[in-house]
Amino acid sequence: MNISLVSTRDPKGKSVSYADVLLSGLAPDNGLYTPQTLPTVDTVKLKTMQKMSYIELFVAIKSLLIGDSISLDDQEKLAGAAFTQEKFPNVVDGNFMPVVEIEPGFYMQNLSLGPTAAFKDAALQPLGQDMNYVLNAQDKTLRLLGATSGDTGSAAEAAIKGLDRLKLFMLSPLEGMSDFQRAQMGILSGGNIYNLSVRGRFDDCQDMVKALNSDPEFADLGAVNSINWGRISSQVPYYFSGYFQVVGENIGNPVDFVVPTGNFGNILAAYFAKQMGLPIRKLIVATNENDVINRLIQTGVYTVKKAQVTSSPSMDISKASNYERLVYYLLGNDPVATANYMKKFETDGSVDFKDFGLSANALKENGFASGTSTHTDRIAMIRWAHETADLIIDPHTADAFKVAQQHREDGVPILSMATALPVKFEDTINEALGFIPEREARFVGLESETQKSFTIIDPDIDALKEFIRNEST
Ligand SMILES: *Cc1c(COP(=O)(O)O)cnc(C)c1O
């Protein structure tokens, strides 16, 4: 149960408790908290885990990754509060992350059955519970500030809503989000959730968050962004669940995993599962036109690239924040080398493995593979899934399917992650299939409730400060 969480950039390797990591996000040296060494799970343990319900499995794996800041009994209660039938209405028999077979040997794991129809619920629901628990134990409260251009906003709000130790201020651009995404956030306004609509773009929202984070008056503001260890550690368990569902009794058989990737959070969780002993053969990264990580895997060079807007918008990134954790392990758990590598990237916009004693193929040697897709590919894959399996997939899942098709090999099952439900991207579905699928009851007419619940502000830091001060009493 003992695990040492350290900053990827701390030369002293000071161990920080999960409780502290959870509330602080980034380390003071700008590194990310990560386990100094990873726990392992042997075949005997895997066999006992296979019989567990998702919630039991979640606790069994996550407890190995967060240590004893929270007792096992309490971890079970928190997981039970995060994963409920009410929040995941279509879950059958407690299988919160179900696998379906598309064709022989070709599988999909649905990670998106939660309240906001994207896989981010799978990690943010438990993160909210953990934060509230730790704050309660310390008799503290916490204000959270975030910026969103889409999925993260509603998933974070759905996770924090009603938790009495937390207040969440979420900035989003007035223009640019889909009506559906705005509505998903809008219905959560009120109580401890504040939706602020900024007259500007997503970049303006991010700049406002950064400005407040470097202001001493707001030094205690927390974050729910994807670098939080509470999120990554909550994603590792579903890879175990997916593996068990694919192999059945044949524990030990290799499986390839395909993960549609933006900020490198979800694929990093898969890497951890592999390092912990799950028999994953290849970790296949799927990117869209924003192919920073694909180029890194193919060439060993990590170069920032201006993000372009695509039809799988949640993967539109210019760099991949969570990748730093992988760098730390590739460089032999060396915080000084990791800090140098990241500083080179931050200063020059580009960094090469070769300058750090690693081969250009270092990622391939560590089990990674990759591919990219275009809008045309996504449309084709949405059609293919519909024709082949009578299944409607979202554009991010379509990215994964495209890359999975490129990497399929006889004899090794391949499992693609489905990271959102198609209801979030009806325009693209309509373009591919010529119709908009009927919505589940819980999403019907959502957009009609949108406008009332946003406070519109200028991209003005003083206005934001004033708002937060007024709502903090
Ligand atoms: C956030 C998101 C991704 C990318 O996940 P990362 O952990 O950032 O790599 C992929 N698909 C969807 C639908 C998302 O919301």
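**Strands, loops and a ligand shell**

Me: In this predicted model, how many bridges join strand β8 to β9?
Reply: Strand β8 covers residues 255-260 and runs parallel to β9. One pairing involves Phe257, whose bridge partner in β9 is Leu283. The number of bridges joining β8 to β9 is 5.

Me: Which helix makes a β-α-β unit with β8 and β9?
Reply: The two strands run parallel. With a helix they make a β-α-β unit, and the unit is right-handed. The helix spans residues 265-275 and is α10.

Me: Why is strand β9 described as largely enclosed by the rest of the structure?
Reply: Strand β9 spans residues 280-287, which makes 8 residues. A residue counts as buried when its relative accessible area is under 20%. Strand β9 is largely enclosed because the number of its residues that are buried is 6 of the 8.

Me: Which residue in β12 stands opposite Val285?
Reply: Besides its pairing with β8, β9 pairs with strand β12, residues 368-372. That pairing is in the parallel sense, over 5 bridges. Opposite Val285 in β12 stands Ser370.

Me: Is Thr261 buried or exposed?
Reply: Thr261 lies in the loop between β8 and α10. A polar atom of its side chain is 2.8 Å from the backbone oxygen of Val259. The relative accessibility of Thr261 is 5%, and the cut-off for buried is under 20%. Thr261 therefore counts as buried.

Me: What is the sign of phi in Phe264?
Reply: Phe264 is found in the loop between β8 and α10. At 2% relative accessibility, this residue counts as buried. Its phi is near 70°, in a residue other than glycine, and the sign is positive.

Me: What is the distance from a polar backbone atom of Phe264 to an oxygen atom of the ligand?
Reply: Polar contacts to the ligand come from side chain and backbone. A polar side-chain atom of Lys120 lies 2.5 Å from a ligand oxygen atom, and a backbone N or O atom of Asn266 lies 2.9 Å from one. For the polar backbone atom of Phe264, the distance to a ligand oxygen is 3.2 Å.

Me: How much of the ligand's exposed area does the protein bury?
Reply: Lys120 brings a polar side-chain atom to 2.5 Å from an oxygen atom of the ligand. Taken alone, the ligand exposes 390 Å². Of that area, the protein buries 96%.

Me: How many polar residues does the shell around the ligand have?
Reply: There are 15 residues around the ligand, and those that come nearest are Lys120, Asp151, Gly262, Asn263 and Thr419. By class, the shell has 5 nonpolar and 2 charged residues. The number of polar residues is 8.

Me: Which residue has its C-alpha atom 6.6 Å from that of Tyr239?
Reply: Tyr239 is found in helix α9, residues 229-247. This residue is buried, with a relative accessible area of 0%. The other residue is 34 residues apart from Tyr239 along the chain, and it is Ala273.

Me: How many residues of strand β13 are buried?
Reply: In a regular strand the side chains alternate between the two faces of the sheet. In β13, residues 414-418, Ile414, Ser416 and Ala418 point one way and Leu415 and Met417 the other way, and all are buried. The number of buried residues in β13 is 5 of its 5.

Me: Which residue stands opposite Met417 in β13?
Reply: Strand β13 pairs with β8 in the parallel sense over 3 bridges, with Asp256 opposite Ile414. Strand β4, residues 106-110, is joined to β13 by 5 bridges and also runs parallel to β13. Opposite Met417 stands Gln109.

Me: Which residue in the turn between β3 and β4 has a positive phi?
Reply: Strand β3, residues 99-103, runs antiparallel to β4, with 4 bridges between them. One bridge pairs Glu103 with Phe106. The two strands form a hairpin with 2 residues between them, and the turn residue with a phi of about 85° is Gly105.

Me: Is Asn333 buried or partly exposed?
Reply: Asn333 has its place in the loop between α12 and α13. Its phi is near 55°, a positive value in a residue other than glycine. With a relative accessible area of 29%, Asn333 is partly exposed.

Methods: Residues numbered from 1 in each chain as written. Predicted model: local features only at pLDDT ≥ 70, side-chain atom pairs only at ≥ 80, totals over all residues. Heavy atoms only, no water. Near = heavy atom within 4 Å. Polar contact = N/O pair within 3.5 Å; in protein donor to acceptor, adjacent residues only side chain to side chain. Areas by Shrake-Rupley, 256 points an atom, 1.4 Å probe, with all protein chains shown as cover. Nonpolar A, V, L, I, M, F, W, Y, C, P; charged D, E, K, R; others polar. Buried < 20%, exposed > 50% of the residue type's maximum accessible area, 1.4 Å probe, protein only. Pairing = 2+ DSSP bridges. Right-handed = clockwise from strand over helix to strand, strands pointing away.
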